[in-house]
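The following report describes a single protein model for a reader new to structural biology. Please consult the sequence and the structure shown here while reading.

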Amino acid sequence: AQALLSGPRAAWDILRDSRALVSFNARPEAISLLEPLVRTLPELRFLFSHLGLPGTVAAAMDEPTLQARLAPMLRLADAGNVFVKISGLYATSDPPHAYPHEGGARVVKSILQAFGAARCVWGSDFAPALESVSFVQAIDVPGLDGLTSTERSNVFCGNLISLLSSR
């Protein structure tokens, strides 16, 4: 985040002028640092991967602790140019193969509540996910069970198609 923020502003202007989609793998601390940049470039679309990399989330983690961990990502929910990739749930579990990633499912639900299904996109995290979970488990995302069939279809493909085709 520091390197991006100290880079030339002209690079961000070029990205802004091209209405680029910028994807970040950023932990909560980095998301906090990037927040001012994201808010000053509403013409750009930002995609934060892997649920904002919240780290290991125990199923029994209390709600205030979970919300504090997610706060940097959730603060960006009011920025209409921010999207979240629903991926990497295995990284929320200890051990990573602890499917169905109960803590991660809670993260997914918090992200969906804050951003809405229209600003979430699914990602398999293929092939790294296969070191921890099966292919079937990599494509079955706990936490999406409350979505309508249309919302689910949009999260799994429609939203990303829209992001990539809109300029």
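Strand 1 and strand 2 (residues 45–48) run parallel to each other and are joined by four bridges. Within this pairing, serine 23 stands opposite leucine 47 of strand 2. Two strands are said to pair if DSSP finds at least two bridges between them. Strands themselves are DSSP runs of type E with at least two residues, helices are runs of type H or I with at least four residues, and both are numbered from the N terminus.

The model is a predicted one, in which local features need pLDDT of at least 70 and side-chain atom pairs count only at pLDDT 80 or more, while totals for chains, interfaces and linings use all residues. Residues are numbered from 1 along each chain as its sequence is written, and side-chain values use heavy atoms, with hydrogens and water left out.

**The sheet**

The two strands belong to an open sheet of four strands in the order 1-2-3-4, with parallel pairing. Its edges are strand 1 (21–24) and strand 4 (120–122), each of which pairs on one side only. From one strand to the next, the twist averages 25°; the axes behind this angle are lines fitted to C-alpha atoms, for helices over the stretch in contact, and angles run from 0 to 180 degrees between N-to-C directions.

**Salt bridges**

A salt bridge is a side-chain nitrogen of Lys or Arg within 4 Å of a carboxyl oxygen of Asp or Glu. The whole structure contains eight of them, including those in the table.

| Salt bridge | Closest N and O atoms |
|---|---|
| Aspartate 17 and arginine 16 | 2.9 Å |
| Arginine 39 and glutamate 35 | 2.9 Å |
| Aspartate 145 and lysine 109 | 3.7 Å |

Arginine 39 and glutamate 35 both lie in helix 3 (residues 28–40), four residues apart, which is about one turn of the helix. How exposed are such partners? A residue is buried at under 20% relative accessible area, exposed at over 50% and partly exposed in between (1.4 Å probe, protein chains only). Arginine 39 is partly exposed at 36%, whereas glutamate 35 is buried at 13%.

Aspartate 145 is exposed, with a relative accessibility of 61%, and lysine 109 is partly exposed, with 44%. Salt bridges that share partners also join Arg9, Asp13, Arg16 and Asp17 into one network. In that network, aspartate 17 is exposed at 59% relative accessibility, and arginine 16 is partly exposed at 24%.

**Cysteines**

How many disulfides does the whole structure hold? A search finds zero, a disulfide being a pair of cysteine sulfur atoms within 2.5 Å. Cysteine 120 is in none, and the nearest cysteine sulfur, that of cysteine 157, is 15 Å away. Because the sulfur of cysteine 157 has its closest cysteine sulfur at 15 Å, in cysteine 120, the two are too far apart for a bond. Cysteine 120 is buried, with a relative accessible area of 0%, whereas cysteine 157 is partly exposed at 39%.

**A nonpolar surface patch**

On the surface, Phe126, Leu130, Phe135, Val136 and Ile139 form a nonpolar patch with about 480 Å² of accessible area together. Patches are made of residues with over 30% relative accessible area and no salt bridge; like charges are joined within 9 Å, and nonpolar side chains (Val, Leu, Ile, Met, Phe, Trp, Tyr) within 5 Å. Accessible areas come from the Shrake-Rupley method with a 1.4 Å probe, and for residues only the protein chains shown count as cover. One member of the patch, isoleucine 139, is found in helix 6 (residues 135–139). Isoleucine 139 is partly exposed, with a relative accessible area of 34%.
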